[in-house]
Amino acid sequence: MTRLDVKKTYKLYIGGAFPRSESGYTLQVTTTKGEHLANVAQASRKDARDAVSAARGAQSGWAGATSYNRGQVLYRIAEMLEGRREEFIDGIRHCEGVNQRQAAQQVDQAIDSWVWYAGWADKYAQLVGSANPVAGPYFNLSVPEPTGVVAAFAPAEQKNASLLGLVRTIAPIIVSGNTVVIWAHPSQPIPAMTFAEVLHTSDAPGGVVNILTGLRDSAAPWLATHADVGAMDLMGATELDWASLEAEASATLKRVLTPVKSVPEESLARITAFTEVKTVWHTKAMG
């Protein structure tokens, strides 16, 4: 019996659910040889607004969780990534046009990077915080805190980036208690949406990570000026007018990371780029 070939249409990932785009539009994703792979949703400005709202709603709870708990949740996501390793390899091989070995190498690097960042959840504050010397009967402590909601643009213009670039964008943002609205690269979104399915079956609270797909130029300026977005990671926004985005973001005093031409290395600096330092004074007990 001949069976129908059921083509998959990927939806958005907002607030822990998979809604269709409000626009009703989809984009066709093809292989490097132009063969049809799947359709993905074209996120609209309203979808971006819903994603920011979901991220804002989840941020206080995620930041309020213990750092140990955040580390455990991130490690659980790594377990789920490992369990779907073969599916990621297959998706990367088709969308990037690389061979089996290269795709497997990227997946392994992505899982290792995720675990690397998970390990920092209950350690980074000790390194970047400090007990400050003061001339008086006080304790003076500086501690890092999350910035809030971060809007990010995943890189994928080069090979070995559709999953690895996504992971190295999301992990350093959320490990400290931020939430993220990330726009997958329009030409290679399938590993990002498979990653969304991993998140959905992990312990990550809905709204901590929100993934949008489709063309990014129309909604990017709106995200840059949104008052509920505390920072922007333009690392993968090389095709956008990122200088204008940076200028627009300054109106609401956002932290902005400018684009880079390659997938960033694992770095403690990428965690602290999305944190702010709070200094606390506390009186000492008088003898």
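**Pocket, cavity and helix packing**

I began with the largest pocket, whose lining holds seven nonpolar, three polar and three charged residues by class. For the classes I counted Ala, Val, Leu, Ile, Met, Phe, Trp, Tyr, Cys and Pro as nonpolar, Asp, Glu, Lys and Arg as charged, and the others, Gly among them, as polar. The model is predicted, so local features need pLDDT of at least 70 and side-chain atom pairs pLDDT 80 or more, while totals for chains, interfaces and linings use all residues. Residues are numbered from 1 along each chain as its sequence is written, and side-chain values use heavy atoms, without hydrogens or water.

**Entry: pocket**

I read a volume of about 230 Å³ for the largest pocket. (A pocket is an open set of points on a 1 Å grid over the protein atoms alone, with protein on both sides within 12 Å along at least five of seven lines; a cavity is a set where a 1.4 Å probe fits but cannot get out; lining residues have an atom within 4 Å of a point. Volume is the space filled by probe spheres set on the points, which are joined across faces, edges and corners.) I found 13 residues in the pocket lining, with Tyr 10, Leu 37, Asp 90, Gly 91 and Ile 190 nearest the centre.

Which element supplies the largest share of this lining? I find that α3 does, with six residues. At least two residues each come from β3 (36-41), α3 (85-96) and α7 (190-200); helices (H or I, at least four residues) and strands (E, at least two) are DSSP runs numbered from the N terminus.

**Entry: cavity**

I counted one cavity of 30 Å³ or more. The largest cavity encloses about 40 Å³, and its lining has six nonpolar, three polar and no charged residues. Ala 154, Pro 155, Ala 156, Ser 162, Leu 166, Ala 184, His 185, Gln 188 and Ala 192 form that lining.

**Entry: α3 and α7**

I then looked at how these two pocket helices pack. Their axes, α3 and α7, come within 10 Å and cross at roughly 165° (lines fitted to C-alpha atoms, for helices over the stretch in contact, with angles from 0 to 180 degrees between N-to-C directions). I therefore note α3 and α7 as roughly antiparallel (over 145 degrees; under 35 is roughly parallel, 65 to 115 roughly perpendicular, the rest oblique). Glu 87, Phe 88, Ile 92 and Cys 95 of α3 make the contact with Pro 191, Thr 194, Phe 195, Glu 197 and Val 198 of α7 (heavy atoms within 4.5 Å). I sorted the residues of this contact into six nonpolar, one polar and two charged.

**Entry: α2 and α7**

The axes of α2 (residues 67-83) and α7 come within 9 Å and cross at roughly 125°. That makes α2 oblique to α7. Ile 77, Met 80 and Leu 81 of α2 touch Phe 195, Val 198 and Leu 199 of α7. I found six nonpolar, no polar and no charged residues in the contact of α2 with α7.

**Entry: α4 and α6**

I last checked α4 (residues 100-119) and α6 (residues 164-174), whose axes come within 9 Å and cross at roughly 5°. They are therefore roughly parallel to each other. Gln 106, Gln 109, Ala 110, Ser 113, Trp 114 and Tyr 117 in α4 meet Leu 164, Val 167, Arg 168, Ile 170, Ala 171, Pro 172 and Ile 174 in α6. The contact of α4 with α6 has nine nonpolar, three polar and one charged residue.
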